[in-house]
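Hi,

Here is the structure I said I would pass on. Have a look at it first, and then read my notes below.

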Amino acid sequence: MRMASNDELDAAMNRSVGKAMEGAAIGGAVGAAGYYGLNRFSSWYRGLTGPLKAFSIAVPLIGFMMIYGEEELLKIEREGHFVANEKRLEEFRKLEREHAAASGANKQ
């Protein structure tokens, strides 16, 4: 595969960061729902300190952010490999046709 240009790298990072922010929004919603649910129904959770409660919101937020961002980077990488493999496959088919034509000409 060829080296990516700066514009391609910037576009990939922008796509990845966008998806990571989407994951952060989902993770924040999950964390906030867990916070409010546990705070309402669990006396043990209500007894925790503020930083521990904040940590219970931060963990799903960061987790979803990482998963969504990495998933987008893997999609970008797959797209790049797909293009490179298509080029190699086309070259292989061209050589195969040339070989078949040369073999057919040698038989006659």
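**Around Ser42 and Tyr45**

Let's start with one contact: the side chain of Ser42 reaches the backbone nitrogen of Tyr45, at 3.1 Å. Ser42 sits in the loop that runs between helix H1 (6-41) and H2. Is Ser42 buried or exposed? Its relative accessibility is 17%, so it counts as buried, the cut-off for that being under 20%.

Before going further, please keep in mind that this is a predicted model. The average pLDDT of the protein is 88, and 94% of the residues score at least 70. Among the elements, the highest mean pLDDT (93) belongs to helix H2 (residues 43-46), and the lowest (87) to helix H3 (residues 50-107).

**The aromatic rings**

How many aromatic pairs does the structure hold? There are three. One of them is Tyr35 with Tyr45: the ring centres are 6.2 Å apart and the planes stand at 75 degrees, which makes the pair edge-to-face, because planes over 60 degrees apart count that way. Tyr35 is in helix H1 and Tyr45 in helix H2, so this pair ties together parts that are 10 residues apart in sequence. Tyr45 itself is buried, with a relative accessible area of 3%. Tyr35 and Tyr45 also belong to one aromatic cluster together with Tyr36.

Another pair is Phe64 with Tyr68, and this one is tilted, with 6.3 Å from centre to centre and 45 degrees between the planes. Both residues lie in helix H3, four residues apart, which is about one turn of the helix. Phe64 counts as partly exposed, at 27% relative accessibility.

**Two glutamates in helix H3**

Helix H3 also holds Glu72 and Glu96. Glu72 has 8% relative accessibility and so counts as buried. Which residues does Glu72 touch, if you leave aside its neighbours within four places in sequence? They are Arg15, Ser16 and Lys19.

Glu96, on the other hand, counts as partly exposed, at 46% relative accessibility. To get a feel for the helix, try finding Glu96 and Phe55 in the viewer: they are 41 residues apart along the chain, and their C-alpha atoms are separated by 60 Å.

That's what I have for now. If you want somewhere to begin, go back to Tyr45, which takes part in the contact with Ser42 and in the edge-to-face pair with Tyr35.

Cheers

Terms used
Residues numbered from 1 in each chain as written. Predicted model: local features only at pLDDT ≥ 70, side-chain atom pairs only at ≥ 80, totals over all residues. Heavy atoms only, no water. pLDDT = per-residue confidence, 0-100. Helix = DSSP H or I, 4+ residues; strand = E, 2+ residues; numbered from the N terminus. Buried < 20%, exposed > 50% of the residue type's maximum accessible area, 1.4 Å probe, protein only. Polar contact = N/O pair within 3.5 Å; in protein donor to acceptor, adjacent residues only side chain to side chain. Contact = heavy atoms within 4.5 Å. Phe/Tyr/Trp six-rings, centres within 6.5 Å; stacked < 30°, edge-to-face > 60°.
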